[in-house]
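These are my notebook entries on what I looked up in this structure, written so that I can retrace each step later.

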Amino acid sequence: MTFLTLTVADCLKKSSQLNDISDSPRLDIEIFLAHILQKDRTYLFTWPEKELTEEQMNQFNLFFSRRLAGEPVAHIIGQREFWSLPLTVNSSTLIPRPDTELLVEAVLGLFAEDDEKKSRRLLDLGTGTGAIVLALANEKKSWQCTGVDKEIAAVELAEKNRAKFKLDNVRILQSDWFASLTSEGSFDIIVGNPPYIDPADEHLTQGDVRFEPLSALIADKKGLADLEYIITHSPKYLTPTGFLLVEHGHDQGAAVRDLFTANHFDDINTFRDFGRNERVTVGKLNAS
Ligand SMILES: C[S@@+](CC[C@H](N)C(=O)[O-])C[C@H]1O[C@@H](n2cnc3c(N)ncnc32)[C@H](O)[C@@H]1O
């Protein structure tokens, strides 16, 4: 039986059919092709006339139809890069966002003067894929890091990613925020990107978030409930001058800073994301 062949260029031309689905149709197709051909994206520009095998075409057609149905690219290929780590992703938790790299950068900035061997203890609340804790543990091999998540499927996913990158300085636990932690007063740094979307937010019915679990997205009190819980309870688990850093919504900066102030944090500072929105707030505990 003969079949119609598809070249790389033919596949790329199909990107216009994704215009209504995606903000980045061309990039979506490039990511599919790079994944299927196991090449980087520059290969696609060098070899536009490369013909796909029948198996590769079948895979491409399947990926393409799933994307046409709105499924996120990261779920289709099962992977998303975060801080240069190709993380395995699935529908149990959030697909890591580029904006969250700001939180990683902010933590590293606080300890830029540390000696390479300096040991620190870090806790990541709501670790999901493990994005934040694995990025930091990979940068700081002398740190002892813990990532927790309430959802067992997310815990399994984060552990799978931990093993993939052979990060022995990380442990992943199932925990409802601090509930499974016995090490009170011992973390130098607590970080978290908790659910912070208002359940009434209309964006929940649009785009990629439709395929992500509400357990990773929404929180009561217009999205502030989990942030409030974390900021209120972190002082008990931090060293007397430990740091807390949380990601939050673009319109939650003032409320989050007030919560930091009310819970004995000093040196409170909010960082803005690529879109100039307030996104990550840091404070240093003043337990004296
Ligand atoms: C916004 S996602 C962040 C995932 C990951 N840290 C990231 O930045 O990509 C929030 C995560 O918090 C977890 N979570 C929600 N409620 C929790 C709770 N009570 N205790 C622990 N984790 C929780 C969710 O399962 C989800 O994985």
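**Entry 1, the ligand.** I began with the ligand, and I found that 19 residues surround it, of which Thr93, Gly126, Asp149, Asp176 and Trp177 come nearest. I keep in mind throughout that this is a predicted model.

I then went through some polar contacts of the ligand one by one. For Asp149, I noted that a polar atom of the side chain lies 2.6 Å from an oxygen atom of the ligand. For Thr93, the side chain again supplies the N or O atom, and an oxygen atom of the ligand is 2.7 Å from that atom. With Thr127 I had to look at the backbone, where an N or O atom lies 3.3 Å from a nitrogen atom of the ligand.

**Entry 2, helices α6 and α7.** I reminded myself that two packed helices are described by the angle between their axes and the distance between the axes. For helix α6, residues 101–110, and helix α7, residues 131–139, I wrote down that the axes come within 10 Å and cross at roughly 35°. The crossing of α6 and α7 is right-handed.

Which residues of α6 and α7 meet? From α6 I listed Leu103, Val104, Val107 and Leu108, and from α7 I listed Ile132, Ala135, Leu136 and Glu139. When I sorted the residues of this contact between α6 and α7, I had seven nonpolar, no polar and one charged.

**Entry 3, helices α9 and α10.** I next turned to helix α9, residues 225–237, and helix α10, residues 253–262, which pack at an angle of about 25° with their axes 9 Å apart. Because angles under 35 degrees count as roughly parallel, I recorded α9 as roughly parallel to α10. The crossing of α9 and α10 is right-handed.

On the α9 side, Leu227, Glu228 and Ile231 take part in the contact, and they meet Val256, Leu259 and Phe260 in α10. The residues of the contact of α9 with α10 divide into five nonpolar, no polar and one charged.

**Entry 4, Ser186.** Last, I asked myself where Ser186 lies. I found Ser186 in the loop between β5, residues 170–174, and β6, residues 187–192. Leaving aside residues up to four places away in sequence, I saw that Ser186 touches Arg121, Tyr237, Leu238 and Thr239. I also looked up Gly242, which is 56 residues from Ser186 along the chain, and noted that the C-alpha atoms of Ser186 and Gly242 are separated by 8.9 Å.

How values were computed. Residues numbered from 1 in each chain as written. Predicted model: local features only at pLDDT ≥ 70, side-chain atom pairs only at ≥ 80, totals over all residues. Heavy atoms only, no water. Axes fitted to C-alpha atoms, helices over the stretch in contact; angles between N-to-C directions. Parallel < 35°, antiparallel > 145°, perpendicular 65-115°, else oblique. Left-handed = near helix turned anticlockwise from the far one by under 90°. Contact = heavy atoms within 4.5 Å. Nonpolar A, V, L, I, M, F, W, Y, C, P; charged D, E, K, R; others polar. Near = heavy atom within 4 Å. Polar contact = N/O pair within 3.5 Å; in protein donor to acceptor, adjacent residues only side chain to side chain.
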